[in-house]
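Grab a pencil and work through these exercises one by one. Try each task yourself before you read its solution.

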Amino acid sequence: LKYVARTQLLCDGLYLVALVFALVFTFLARTMVQLLFGDAYLAAVPVLQVHIWSTIAVFLGIASTQWLLAEGLQFVTLISTAIGLLANLLLNFFLIPAYGALGAAIATTISYTLVVFAGPLLTPRAHPSLKILLKAVCLHWAWRR
């Protein structure tokens, strides 16, 4: 139980950090791009605002992978990555022609999220990791006593 609690704490913490990054970059993207690159790059602002949300999936993926490795479920990572690859290819095929770089950012954010959740969702032995991830995303720690 201590192991699960510590894994939950890791997921909670990583999710919170990623959420803060995503919110800060979403609201300050224009200012950051102007300060760092100048007005010529303002078209990159919406791309940054979408792409930064993939950070949540990346951070949760780090914690999830640790749990999967400890449980001997490395194959779930392979399944998840394959699903993410296919999703990214398909989404890029449709979204880049329609939306350009913004479409690529949308495709990346969706496919990263699929990588984190698809394998544990489709593999019954990995359902405990899915429960940990969902608790983190639902901010269960905010009202935990």
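Let's start with a definition: a residue is buried under 20% relative accessible area, exposed over 50%, and partly exposed in between, using a 1.4 Å probe and protein chains only. This is a predicted model, so local features need pLDDT of at least 70 and side-chain atom pairs count only at pLDDT 80 or more, while totals for chains, interfaces and linings use all residues. Residues are numbered from 1 along each chain as its sequence is written, and side-chain values use heavy atoms, leaving out hydrogens and water.

**Exercise 1: the overall picture**

Task: Work out how many helices and strands the protein chain has.

Solution:
- Step 1. Know what counts: helices (H or I, at least four residues) and strands (E, at least two) are DSSP runs, numbered from the N terminus.
- Step 2. Tally them: the protein chain has six helices and zero strands. Read from the N terminus, the order is α-α-α-α-α-α.
- Step 3. Add the dimensions: the C-alpha trace spans about 55 × 35 × 20 Å along its principal axes.
- Step 4. Check the burial: of the 145 residues in the protein chain, 36% are buried.

**Exercise 2: two cysteines**

Task: Decide whether C138 is buried, exposed or partly exposed, and find how far away the nearest cysteine sulfur is.

Solution:
- Step 1. Locate the residue: C138 sits in the segment after α6.
- Step 2. Apply the cut-offs: C138 has 47% relative accessibility, so it counts as partly exposed.
- Step 3. Look for disulfides, where a disulfide is a pair of cysteine sulfur atoms within 2.5 Å. A search of the whole structure finds zero disulfides.
- Step 4. Get the distance: C138 is in no disulfide, and the nearest cysteine sulfur, that of C11, is 12 Å away.
- Step 5. Now for C11: at 1% relative accessibility, C11 counts as buried.
- Step 6. One more distance for C138: its C-alpha atom is separated by 9.4 Å from that of D12, although these residues are 126 apart along the chain.

**Exercise 3: the nonpolar core**

Task: Find which element gives the most residues to the largest nonpolar core.

Solution:
- Step 1. Pin down the term: a nonpolar core is a set of buried Ala, Val, Leu, Ile, Met, Phe, Trp, Tyr and Cys residues joined through side-chain atoms within 4.5 Å.
- Step 2. Meet the core: the largest one has 19 residues, and those with the most contacts inside it are C11, Y15, I56, L60, L68 and L73.
- Step 3. List the contributors: α1, α3 and α6 (127-137) are the elements that give two or more residues to this core.
- Step 4. Pick the winner: α3 gives the most, with seven residues.
- Step 5. Zoom in on L60. With contact meaning heavy atoms within 4.5 Å, L60 touches C11, Y15, V116, F117, L133, A136 and V137, not counting residues up to four places away in sequence.
- Step 6. Keep the general rule in mind: in soluble globular proteins, nonpolar side chains tend to be buried together.

**Exercise 4: aromatic pairs**

Task: Classify the pair formed by F21 and F59 as stacked, tilted or edge-to-face.

Solution:
- Step 1. Learn the rule: rings of Phe, Tyr and Trp (its six-membered ring) pair if their centres lie within 6.5 Å; planes under 30 degrees apart count as stacked, over 60 as edge-to-face and the rest as tilted.
- Step 2. Count: the structure holds three aromatic pairs.
- Step 3. Classify: F21 and F59 are 6.2 Å apart centre to centre with 85° between the planes, an edge-to-face pair.
- Step 4. Place the partners: F21 belongs to helix α1 (residues 2-37) and F59 to helix α3 (residues 54-70), so this pair links distant parts of the chain, 38 residues apart.
- Step 5. Compare burial: F21 is partly exposed at 39% relative accessible area, whereas F59 is buried at 17%.
- Step 6. Try another pair: F37 and Y41 are tilted, at 5.9 Å centre to centre and 55° between the planes. F37 is exposed, with a relative accessible area of 55%, while Y41 at 49% is partly exposed.

**Exercise 5: S54 and T55**

Task: Find out which residues S54 touches, not counting residues up to four places away in sequence.

Solution:
- Step 1. Place S54: this residue lies in helix α3 and is buried, with a relative accessible area of 3%.
- Step 2. Name the partners: S54 touches T109 and Y112 when residues up to four places away in sequence are not counted.
- Step 3. Move on to T55, also in helix α3: T55 is buried at 15% relative accessible area. Leaving aside neighbours within four places in sequence, T55 is in contact with A18 and F21.
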